[in-house]
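Here are my notes after a pass through the model, point by point. Have it open next to you while you read.

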Amino acid sequence: MNVNKLEKAYFYNSSHRNVVADISLLIEKLFKEKSSILVRCNDQESVDVIDAFLWAYKEDEFIPHSIVTKEKKASIYPILITTDINEDYDHDVLLALSGVLIKEKEWRNFSKAYYFFDDQENKEKENAREMWKSFSALNIACKYWVNKANKWVLAHSS
């Protein structure tokens, strides 16, 4: 795809949430909308947890996905779970977990970004602020969501 223009960024303050369950719902929704999704994790353990959860997510439905391994660098799967972003990937949506800092040359390859962070973790909160500032400076539409009474509520947008 390589649109080179991030259009929208959604920030989710995932403090006190089961992020794996939340992103699984989001992945399902985006997949049904025909989006191709790259899920960027901090570590291999997170990759494995999300992979296992998606396999068991629903008994009557399958969400086709793959993980990146040393033997398998890139994939044609519409949903790819990885610890890095590289130019071989051709996905239009980025889901970044655990407040991982994404470089501009990496996020520019997506049309939408969903950024999950825990504001109880200082580094994740700092990274989220840096990402928001970068996006806002380039007039990328940003929305910030918090969870209240077990529902995602829009707290701020630019």
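1. Start with K58 and E28. They form a salt bridge, with the closest N and O atoms 2.7 Å apart. The pair ties together distant parts of the chain, 30 residues apart: K58 sits in the loop between α2 (44-56) and β3 (66-67), while E28 belongs to helix α1. K58 is partly exposed, at 29% relative accessible area, whereas E28 counts as buried at 8%. Bear in mind throughout that this is a predicted model.

2. E28 has another partner. Its side chain also meets that of K32 in a salt bridge, at 3.4 Å from N to O. These two are four residues apart in helix α1 (residues 19-32), so about one helical turn separates them. K32 is exposed, with a relative accessible area of 51%. Put the pairs together and you get a salt-bridge network linking E28, K32 and K58.

3. How many salt bridges does a search of the whole structure find? The count is five. Another one worth a look is R17 with D22, where the closest N and O atoms are 2.7 Å apart. R17 is partly exposed at 23% relative accessible area, and D22 is buried at 12%.

4. Now for a charged residue without such a partner. E124, in helix α4 (residues 122-137), is buried yet has no salt bridge. Which side chain of opposite charge is nearest to E124? That would be K123, 11 Å away; a salt bridge needs the nitrogen within 4 Å of a carboxyl oxygen, so K123 does not qualify. What the E124 side chain does reach is the backbone nitrogen of D118, at 2.7 Å. Setting aside neighbours within four places in sequence, E124 is in contact with S98, G99, F117 and D118.

5. N127 is also worth checking, and it too lies in helix α4. At 7% relative accessibility it counts as buried. Its side chain reaches the backbone oxygen of G99 at 2.8 Å. Not counting residues up to four places away in sequence, N127 touches G99, V100, L101 and Y115. G99 therefore turns up in the contact lists of both E124 and N127, each taken at heavy atoms within 4.5 Å.

6. On to the nonpolar interior. In soluble globular proteins, nonpolar side chains tend to be buried together. Here the largest nonpolar core has 24 residues, and I23, I27, V39, I50, L95 and Y114 are those with the most contacts inside it. At least two core residues come from each of β1 (8-13), α1, β2 (37-40), α2, β4 (79-82), β5 (93-96) and β6 (112-117). The largest share, six residues, is supplied by α1. There is also a second, separate core of 23 residues, which includes L6, L38, Y89 and F135.

7. V39 is a handy place to centre the view on the larger core. Beyond residues up to four places away in sequence, it touches I23, I27, I50, L80, I81, T82, L95 and L97. V39 also stands opposite L95 in β5. The strands behind that pairing, β2 and β5, run parallel and are joined by four bridges.

8. On the β6 side, L95 has Y114 as its bridge partner. β5 and β6 pair in the parallel sense, again over four bridges. So which way do the β5 side chains point? V93 and L95 point one way from the strand, L94 and A96 the other way, and all are buried.

9. Last, V93 itself, placed in strand β5. It counts as buried at 1% relative accessibility. Leaving out residues up to four places away in sequence, V93 touches L30, S35, S36, I37, L38, F110, K112 and Y114. E106 is 13 residues from V93 in sequence and 12 Å from it in space, C-alpha to C-alpha.

Definitions and conventions
Residues numbered from 1 in each chain as written. Predicted model: local features only at pLDDT ≥ 70, side-chain atom pairs only at ≥ 80, totals over all residues. Heavy atoms only, no water. Buried < 20%, exposed > 50% of the residue type's maximum accessible area, 1.4 Å probe, protein only. Lys, Arg positive; Asp, Glu negative; His and termini not counted. Polar contact = N/O pair within 3.5 Å; in protein donor to acceptor, adjacent residues only side chain to side chain. Core = buried A, V, L, I, M, F, W, Y, C linked by side-chain atoms within 4.5 Å. Pairing = 2+ DSSP bridges.
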